[in-house]
Amino acid sequence: MRMYDIIEKKRDGYKLSKEEIEFFVNGFTNGTIPDYQASAFLMAVFFNQMDKEETIDLTMAMLESGDKLDLSKIEGIKVDKHSTGGVGDKTTIILAPLVAAAGVPVAKMSGRGLGHTGGTIDKFESFDDFKLNIPEEKFIADVNEIGVAIASQTGDLAPADKKIYALRDVTATVNNLSLIASSIMSKKLASGADAIVLDVKTGSGAFMKEEDDAFDLAKIMVEIGCGVGRNTIGVITDMDEPLGFAVGNVLEVIEAIDTLKGEGPKDLTDLCLELGAHMLVLGGKASDIEDAKRTLEDLIDSGKALEKLKELIAAQGGNPEFIENYEMFKKASIVKDIYLEDEGFIQKIESEEVGKAALVLGAGRETKESEIDLAVGIVLSKKVGDYVGQAERVATIYANDLDKFEEAKEILTKAYIVENKEVEEKKLIKGIVYENNIVKY
Ligand code: URA
């Protein structure tokens, strides 16, 4: 087999065999296929697509490229949650203790990605001394004992994805349905959960700008998961404006704690209840979604969800006092309010631009080597549909460098579109993709 022929076949729009896809994945992972051929191949896939069978074959080849986490020593149905990525998404910090408090074991292992802000792993580092690099034995023991553990990846899960994703990132081939689906699902399947809830975002701050594309992406991922015996569902959710108010690591952790105290923003709370409810149903801890939501609300109201977060922080060496005393978190040296020139109803807050502003401040990683500044970021004061009057604050920027503050301010103020007309309320949850059924709201 020759890589040249495989590239040519896909370039000309033909379907690839399982063996050809495996040849590419194995050869690129072990270094016998060079970047230039892999780039050409990815661009051919980008333009000519892969069908369902090819996408499944690609996912399986990527899954088989590395280690698989064995969670069989953890009792109960392990349910994982994955978001396709959005601005201000801090749902895992809320859902891990919340769902664990309801009795669903949460064994969360994830990597450090690139992005506008850090990933979940980075955000948990906001709690001083919280150890993410824990041995697999402790990880499993903690889940069995307190119901939840969060760790940075130990084994080499889906190494093919790491190499392919890095190349996609620099060859403008990220935004393809088969490539995204195989990338996410190879990692999820390698992470060992029995069931998976996928939060598939759509809107300006998401990979899938169009709702129909988000449903298509969810459908193929659900088919891949269910096809290998992992009960998987996809929840399609809005990412036309940032989720909640906070964007930035410490700032998002504080907002997540507020949400566990029952004082979080409405959109973030609603999304967590929806995703958490599906996790409870898949985990066999609730009979239906409404019953599950009531359970989750009770756990928030009674303080049990917050207690579970404290247990998690303490079990991994962190200081749970941070949860009651936000002054203990790292602080930015520059804190300034942001105003707009226009007055009226906020029609749009371009998530992508808010994310860029956070990145400029240092909240995320531009390259793998970038250092994250945990304290910086943005807290919005207004959301889409709100009225902003003259001299009314729309956001606060937290920075540690004046030049970066100025740059972020310029990007952020352009993210707002304000007009003198009221805005129709948009649905946060757009629909659910089940194995044999799609519900659109
Ligand atoms: N997240 C991933 O892990 N992979 C993609 O391709 C896109 C989002």
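**Note on the predicted model: aromatic pairs, cores and strands**

1. Phe-46 has a relative accessible area of 24%, so the residue counts as partly exposed. Phe-47, by contrast, reaches 59% relative accessibility and is therefore classed as exposed. This description, like everything below, concerns a predicted model.

2. A total of 10 aromatic pairs is counted in the model. One of them joins Phe-24 and Phe-41, whose ring centres lie 4.3 Å apart with 35° between the planes, a tilted arrangement. Phe-24 belongs to helix 2 (residues 18-30) and Phe-41 to helix 3 (residues 35-48); the pair therefore ties together parts that are 17 residues apart in sequence. Phe-24 and Phe-41 are both buried. The rings of Phe-46 and Phe-47 also form a pair, with centres 5.6 Å apart; because their planes stand at 90°, and an angle over 60 degrees counts as edge-to-face, this pair is edge-to-face.

3. Ring pairs also build a cluster, which consists of Phe-124, Phe-127, Phe-130, Phe-322, Tyr-326 and Phe-329. Two members of the cluster, Phe-124 and Phe-127, reappear in the largest nonpolar core: together with Leu-98, they touch the most other members among its 59 residues. The greatest contribution to this core comes from helix 12 (residues 266-282), which supplies 9 residues. Beyond its neighbours within four places in sequence, Leu-98 contacts Leu-260, Leu-296, Leu-299, Ile-300 and Ala-305. A further core of 27 residues lies apart from this one and includes Ile-338, Ile-349, Ile-397 and Val-418. As general background, nonpolar side chains in soluble globular proteins tend to be buried together.

4. Two lysines are placed over aromatic rings. The charged end of Lys-383 sits over the ring of Phe-245, at 5.7 Å from the ring centre. Lys-440 lies over the face of Phe-215, and here the distance to the ring centre is 4.5 Å.

5. One open sheet contains 3 strands in the order 10-8-12, paired in antiparallel fashion. Strand 10 (387-388) and strand 12 (416-419) are the edge strands; each has a single partner strand, so one side of each is left without a neighbour in the sheet. Strand 8 (residues 344-349) is joined to strand 12 by 4 bridges, and the two run antiparallel. Within this pairing, Ile-349 stands opposite Tyr-416 of strand 12. Ile-349 is also among the residues of the 27-residue core.

6. Strand 1 (residues 79-83) is mostly covered, with 5 of its 5 residues buried. Val-79, Lys-81 and Ser-83 are buried on one side, and Asp-80 and His-82 are buried on the other, which leaves both faces covered. In general, side chains of a regular strand alternate between the two faces of the sheet. Strand 1 runs parallel to strand 4, and 5 bridges join the two. Ala-195 in strand 4 is the bridge partner of Val-79.

7. Where in this region does Asp-199 lie? Asp-199 is part of strand 4 (residues 195-202). Its relative accessible area is 0%, so Asp-199 is buried. The side chain of Asp-199 makes a polar contact of 2.7 Å with the side chain of Thr-237. Leaving out residues up to four places away in sequence, Asp-199 touches His-82, Ser-83, Thr-84, Asp-89, Val-235, Thr-237, Leu-271 and Leu-275. Two of these residues, His-82 and Ser-83, are among the buried residues of strand 1.

Methods
Residues are numbered from 1 along each chain as its sequence is written. This is a predicted model: local features need pLDDT of at least 70, side-chain atom pairs count only at pLDDT 80 or more; totals for chains, interfaces and linings use all residues. Side-chain values use heavy atoms; hydrogens and water are left out. Rings of Phe, Tyr and Trp (its six-membered ring) pair if their centres lie within 6.5 Å; planes under 30 degrees apart count as stacked, over 60 as edge-to-face and the rest as tilted. Buried means under 20% relative accessible area, exposed over 50%, partly exposed in between (1.4 Å probe, protein chains only). A charge sits over a ring if NZ of Lys or CZ of Arg is within 6 Å of the ring centre and within 35 degrees of the ring normal. A nonpolar core is a set of buried Ala, Val, Leu, Ile, Met, Phe, Trp, Tyr and Cys residues joined through side-chain atoms within 4.5 Å. Contact means heavy atoms within 4.5 Å. Two strands pair if DSSP finds at least two bridges between them. A polar contact is a pair of N or O atoms within 3.5 Å; within protein, one must be able to donate a hydrogen and the other to accept it, and residues adjacent in sequence count only if both atoms are side-chain atoms.
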